[in-house]
Amino acid sequence: MLAYIAKRLAIAVPTLLLLIIISFLLMHAAPGGPFTQERALPAAVLANLEAKYGLDQPLWRQMATYVWGIVSDFDFGPSFIYKDRTVNEIIAQGFPVTLTYGSLSFLLAVIVGVTLGVFAAIYHNSWLDYLAVGISIGAQVLPNFVMAPILVLVFTLWLRWLPGGGWEGGQWQYIIMPVIALSTSFMASIARITRSSMLEVLNSNHIRTARAKGLPERKVILRHALKPAMLPVISYLGPAFVTMITGSVVVDIYFSTGGIGKAFVDSALNRDYAVMMGVTILVGALTILFNLVVDILYAWIDPKIRY
Amino acid sequence: MMNKLLLTTILSVGLALPAVAATPQAGETLAENQDYTYWLLDAIKSMDPQINTDVEGSGILRSLFEGLYNEDQEGGLVPGVALDHELSDDKTTYTFHLRDNAKWSNGDPVTAGDFVYAWKRLADPATASEYAWYMELMQVKNAAKIIAGEAPVDELGVTAVDDHTLQVTIEAPLPYFPKMLTHASVFPVNRKVIEANGDKWTEAGTLVGNGAYVLKEHILGEKVVMEPNPEYWDNEHTILQKVTALTINDQDAALTRYLAGELDRVDIPAGRYPQMKAEYPDQAISVPQSCSYIYMFNMDEAKGPAALKDVRVRKALSYAIDRDIIVNNILQGGQAPSYNWTHAATEGFTLPEIDYASWTQAERTAKAKELLAEAGFGMDNPLNLTLNYNTSESHKKIAIAVQQFWKGVGVNLTLNNMEWKVHTDKMQNQDFEIARYAWCGDYNEASTYLDLFTSYSGHNNGKFFSEEYDQLMKDSKTAADPNPMYTEAEQILADEMPMAPIYQYTKVEMIKPDIKGAGLMNLMQNWYLKDMYRVAN
């Protein structure tokens with residue numbers, strides 16, 4: 001097992017490097033640059049800017065300098081647009097925000113989603129099943145860019161219970177609406193996957209055996225059905241967790257949380273090369289890490305899987 | 001011998017409104033609550049005066065720093081750090097007399113040397129400021145050479161004669177030079193703090209300014225908090241006690257939060273002004289703002305389409321646009337239909353008699369058809385053109401409307417929507433036929449618009465060229481009264497039509513009625529927190 005983990009981590013390094021190279025090239029291939037603006041800069045001013053940020057160097061050298069900065073000093077460079085800040089500072093400010101509301105959304109989505117899915121499967125074709133499926137389809141078709149304004153309209157403008165946005169260091173009243181807006185569609189997917197997987201497991205041989213030997217239904221579900229039914233759910237949860245903790249541009253924009261979801265999209269539109277690379281690497285590294293976590297969980301859940 | 005020219009005498013604007021600091025009018029009672037929260041569309045990109053490039057950033061900088069002059073409620077100049085100035089007989093040397101009681105927020109005195117340091121910093125290639133060109137625009141001596149790396153920074157035409165006397169030498173007379181001094185990029189900065197903290201000097205707690213407010217908190221993309229600066233020379237007249245600027249990237253979300261009472265001032269999204277005006281007549285306002293919206297024609301020798309080199313075609317395209325429909329049915333925010341380039345409310349500017357402005361739309365459309373027929377186009381031989389515009393709901397709506405107007409005169413317009421950076425990149429490389437464009441004035445004077453269409457302007461993306469126009473604009477720089485020349489230049493634009501004017505901006509926003517001193521009648525929309533206050537209802 002340890003050897004397996006070590007091997008996977010070793011593969012992660014070239015994978016990330018490849019990600020960096022491809023993103024770097026794609027980014028520089030896009031028309032315009034960080035200093036392209038409506039008022040074209042005079043050539044001399046542009047030359048000074050490019051010299052300051054090293055953009056006058058050949059592409060391979062820019063990339064080498066950038067990668068070396070990360071390896072030697074863990075320095076992701078300065079932002080080209082938010083010039084008072086470095087990429088490290090932008091991520092250090094924004095990532096804890098998205099990590100907070102993302103993790104909470106994840107917990108909420110998993111708890112509610114799995115519960116809904118399990119009950120729908122157990123009471124297959126009953127009103128409870130229809131209700132659970134109804135809720136999850138409803139949540140799925142209500143994207144967060146529709147959900148967010150509705151939440152603000154109801155809880156901020158009409159009821160005046162919650163502030164319409166902001167973060168304020170992560171006080172609870174600022175977290176509620178982002179968490180609801182972000183978690184609903186994930187919750188719906190989790191419920192649907194759980195339900196179909198659970199239905200399949202409930203019809204399998206070992207469950208019939210468990211029931212035949214007279215185990216109480218609660219034990220059958222919790223001890224024998226739930227664990228194997230979780231396999232497809234977990235393979236969905238790995239990437240979903242990364243997506244959630246690296247934030248949602250809709251949530252960040254609508255609730256002004258200051259998270260990195262917005263920073264990521266902005267950096268692409270602004271051609272803020274360093275921020276874009278920084279967030280790409282963060283998302284890439286987290287994706288690799290959580291895929292590994294998922295694989296380890298697999299082995300733990302299913303004794304048949306051996307590495 | 002220098003001409004003593006006191007500031008008050010060069011200003012034509014009357015001082016009926018509070019000139020310096022927040023001064024409640026007779027009959028007004030101050031509210032107990034003097035907190036103020038306003039809206040920012042985006043995160044503040046920099047709090048460094050020489051690095052900032054944004055309008056929103058400038059608003060914050062006008063609160064944290066103070067330049068030589070400030071603007072009053074209507075945009076006229078009033079003393080800032082400078083009390084007044086003298087101009088030499090050859091009109092190229094300005095001598096500013098600085099007040100002796102101006103202080104930095106750390107207690108240091110503000111001196112002429114601070115301005116010299118800041119201005120050199122702006123031009124210095126090592127600073128790599130995007131606004132370095134502003135020094136060139138101001139014609140400060142040797143600025144262009146310094147930026148190009150051809151002269152040392154110390155040769156910039158700005159010197160501190162003594163602590164309270166600043167002398168600036170410019171390359172050629174520039175009638176609007178004093179007006180350019182309210183721009184944030186020429187605000188002073190504190191050398192000691194910058195040298196001690198490097199790029200980190202703009203952090204809350206470290207930043208030292210000479211403005212009426214100090215920076216308490218800055219969370220990127222969330223908020224900026226400011227409080228009065230006790231060291232400010234006129235702090236006794238500062239009334240607002242806590243100012244918060246909240247970044248909300250979605251305009252509709254911002255309006256909702258305004259309606260929920262979380263903000264005191266916010267922009268109204270396109271198309272929602274009539275509804276807001278009906279529901280909140282005392283809060284919804286629409287005031288002129290110095291920006292102009294146009295469709296630029298590509299007249300480039302090599303890359304421009306042949307048809308657009310024919311002035312009859314350019315005129316026909318402009319005539320066929322029904323601007324009234326665009327402003328009344330699409331924008332609906334009190335914007336003015338436009339038949340020329342310079343914003344009509346620009347100080348001192350007189351519009352020429354532009355013929356088609358007074359025609360009815362039916363007359364314009366008829367004339368457009370006639371001109372197109374002369375140029376060899378018509379319903380049976382349609383002209384095919386492409387319009388580039390950047391992603392935005394209102395740009396799209398206007399483009400669709402124009403497509404319909406032009407279809408009626410036999411022009412097939414293909415709409416080409418692109419991301420902002422791609423749009424800009426294509427425009428600057430003349431890779432377009434017709435492009436959406438907008439320009440906002442840097443100062444309240446017509447040349448900020450008209451200079452754009454000179455052949456030597458870096459922003460003349462359509463490559464319009466007229467020797468007569470260039471000469472007029474050059475002559476205007478030394479003229480005693482340049483305004484008649486500006487009028488003539490506009491006439492050339494109307495005759496040559498290098499672009500189709502569409503509309504002139506208004507600032508459409510919601511503002512709580514108890515907030516006063518917000519400079520709403522200042523065409524540049526420059527407000528100063530130190531002049532603002534809340535009245536009791």
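Which residue in E18(B) is the bridge partner of Arg265(B)? I looked this up before anything else, bearing in mind that the model is predicted. The partner is Ile511(B).

**Strand E18 of chain B**

I then went through the strands that pair with E18(B), which covers residues 499-511. Arg265(B) led me to strand E12(B), residues 265-267, and I noted three bridges between E12(B) and E18(B), in the antiparallel sense. Next I checked strand E13(B), residues 284-297, which also runs antiparallel to E18(B) and is joined to it by 10 bridges. For a single pair there, I took Tyr295(B) and found Ala500(B) as its bridge partner in E18(B). Strand E14(B), residues 336-337, has two bridges to E18(B), again antiparallel. In that pairing I found Ala336(B) opposite Gln504(B).

I also asked how many residues of E18(B) are buried. The count is 11 of the 13, so I wrote the strand down as largely enclosed by the rest of the structure.

**Helix H3 of chain A**

I turned to helix H3(A), residues 59-73, and compared its span with the expected one. At 1.5 Å a residue, its 15 residues should span 21 Å, and I read 21 Å between the end C-alpha atoms, which agrees. For cover, I found one buried residue among the 15, and I entered H3(A) as hardly covered. I looked at what follows the helix and found Phe74(A), with a positive phi near 55°.

**Val249 of chain A**

I located Val249(A) in helix H10(A), residues 249-255. Is Val249(A) buried or partly exposed? I counted 18 C-beta neighbours inside 10 Å; the cut-off for buried is 20 or more, so Val249(A) goes down as partly exposed. I set aside neighbours within four places in sequence and listed its contacts as Gly261(A), Lys262(A) and Val265(A). For Gly261(A), 12 residues away along the chain, I noted a C-alpha separation of 4.5 Å from Val249(A).

**Contact between the chains**

Last, I checked the contact of chain A with chain B, and found 40 residues from chain A and 41 from chain B. On the chain B side, I listed the elements that supply at least two residues each: helix H4 (132-137), strand E11 (242-247), helix H7 (251-259) and helix H13 (420-428). The largest share of that side comes from H13(B), with six residues. I sorted the chain B residues that touch chain A by type and got 18 nonpolar, 10 polar and 13 charged.

Methods. Residues are numbered from 1 along each chain as its sequence is written. Chains are lettered from A and ligands numbered from 1 in the order in which they are written. This is a predicted model: local features need pLDDT of at least 70, side-chain atom pairs count only at pLDDT 80 or more; totals for chains, interfaces and linings use all residues. Helices (H or I, at least four residues) and strands (E, at least two) are DSSP runs, numbered from the N terminus. The expected span of a helix is 1.5 Å times one less than its number of residues. A residue is buried if 20 or more other C-beta atoms lie within 10 Å of its own, exposed if 12 or fewer, and partly exposed in between; C-beta atoms are placed from the backbone. Two strands pair if DSSP finds at least two bridges between them. Two residues are in contact if their C-beta atoms, placed from the backbone, lie within 7 Å. Ala, Val, Leu, Ile, Met, Phe, Trp, Tyr, Cys and Pro count as nonpolar, Asp, Glu, Lys and Arg as charged, and the others, Gly among them, as polar.
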